[in-house]
Amino acid sequence: MNYEPLMRRAIELALRGTGYVSPNPRVGAIIIDDDGNIIAEGWHKSYGGPHAEVEAINMANLASFENYTLIVTMEPCNFYGKTPPCTDLIIDKKFKKVVVGALDPNPKVNGQGVDKLKSAEIEVITGVLEQECQNLNRFFAKYIIHKKPYILLKIAQTIDGNIALKNGQSKWITCEESRLKVQELRTEVDAVLVGKNTILMDNPFLTVRDYDAPNPKKVILDAELTLPLDLNIFKNPERESTILFCSKPASKSRKANTLSLAGIKIEPITNNEFGFLNLNDVLTILAEKYNIASMMVEGGSQVFTSFIKESLVDEFHIFIAPKILGAGLQTFGHLMIPSINKATELDVKNIEKTGTDFYVTAKISDK
Ligand code: AOF
Ligand code: ZN
């Protein structure tokens, strides 16, 4: 039987968890009878809530599943977390067959869920739309294996590589459709990060406005805590979801205290050898303390440069407007590249048009 159309449907279900399940994975499940008819569907709906398989089994509401097949985008778990192991329930309910999209990257599971089902004589098929299913949980995989958020670098630039004029003005380089796409990307990540200069110039809210979805957490880098207190980012009603990283001395200042009393989370960080906040420490704190599995870095130039220099970028989302600004503020600053063959090379994954702009997604080339 060709399970791909059913797995595609399970992926659609999994996507409904976007914005609600992180740092857990997005998972969808379907139960079919012997004739291939769908009798129940489920997806992981909230962090700490029932897993996709449990949702589908509950919906089917049958005592035994001897003639039924479970199709699930990710291998069923086999350990006690916030919920009991799905493998036990599947075995208990006597499923005939389980069709899996991708293995669970969580080292606590990773293949052992499948093994457990097989040892209970359940037929297991793995790897159906594997890439698509892995892609669904690329944020989760980075978080659970490396204890760091998956990083998307979002750049809105002119065709000649500027993100602003020399005076910092950048509204608007890209067109409305591109900016709408950015809003959509914000619905998919747990946090957005911006540096001090960009906040000063743009006074952004960093919220999702055009979609009915939760706002990502806001992460600010301001080593010396020089940002004025009346900026939009500090006035927003969700102050408790704003995290500000600064130097250790700045974290003890009166301003830090005022911000902290207003609900902003102040995180002191040591500087690296170049005198900038240590980004590796920033990412570790975001993952371990705030459960942030994915973050979109929105600028500016200094922040982009540091993320590239320290090889912390997982994915590039570059919006290129057909405009020329000449010597403006370049996307990236000094990367100390000694010769062309030492340039940072990207593998382009996709190019599409968003309105009058080009939208390029890319990854660092593994050459
Ligand atoms: C599944 N189906 O729908 C999900 C799974 O704390 P818990 O009990 O919610 O367990 C979280 C872990 O379970 C998570 O780290 C991942 O390994 C797996 N997620 N597994 O069988 C699901 N969301
Ligand atoms: Zn489970």
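**Exercise 1.** How many Å separate an oxygen atom of ligand 1 from an N or O atom in the side chain of Asp 104? Place this contact among its neighbours in this predicted model.

*Solution.* Start with Asp 104: one of its side-chain N or O atoms is 2.5 Å from an oxygen atom of ligand 1. The protein covers 95% of the 510 Å² of accessible area that ligand 1 has on its own. Next, take Glu 53, where the side chain brings an N or O atom to 2.6 Å from a ligand 1 oxygen. For His 51, a polar side-chain atom lies 2.7 Å from an oxygen atom of ligand 1. Each of these pairs falls within the 3.5 Å cut-off for a polar contact.

**Exercise 2.** Describe the surroundings of ligand 1.

*Solution.* First find the site: ligand 1 sits in the second largest pocket. Then sort the shell, which holds 9 nonpolar, 6 polar and 4 charged residues. Finally, pick out those that come nearest among the 19: His 51, Glu 53, Lys 82, Thr 83 and Asp 104.

**Exercise 3.** Which protein atoms are donors of the zinc ion (ligand 2), and what is the geometry of its site?

*Solution.* List the protein donors: ND1 of His 51, SG of Cys 77 and SG of Cys 86, at 2.0 to 2.2 Å from the zinc ion. Their spacing along the chain reads H-x25-C-x8-C. Now check the angles: among the 4 donor atoms they run from 100 to 118°, and the site is tetrahedral. For comparison, the ideal angle for four tetrahedral donors is 109.5 degrees.

Terms used:
Residues numbered from 1 in each chain as written. Chains lettered and ligands numbered in written order. Predicted model: local features only at pLDDT ≥ 70, side-chain atom pairs only at ≥ 80, totals over all residues. Heavy atoms only, no water. Near = heavy atom within 4 Å. Polar contact = N/O pair within 3.5 Å; in protein donor to acceptor, adjacent residues only side chain to side chain. Areas by Shrake-Rupley, 256 points an atom, 1.4 Å probe, with all protein chains shown as cover. 1 Å grid on protein atoms, 1.4 Å probe; cavity = no way out; pocket = protein on both sides within 12 Å on 5 of 7 lines; lining within 4 Å. Sits in = over half its atoms within 2 Å of the grid points. Nonpolar A, V, L, I, M, F, W, Y, C, P; charged D, E, K, R; others polar. Donors = N, O, S within 2.8 Å, 3.2 Å for Na, K, Ca; no water. Tetrahedral: all angles 85-135°; square planar, octahedral: opposite > 155°, others 65-115°.
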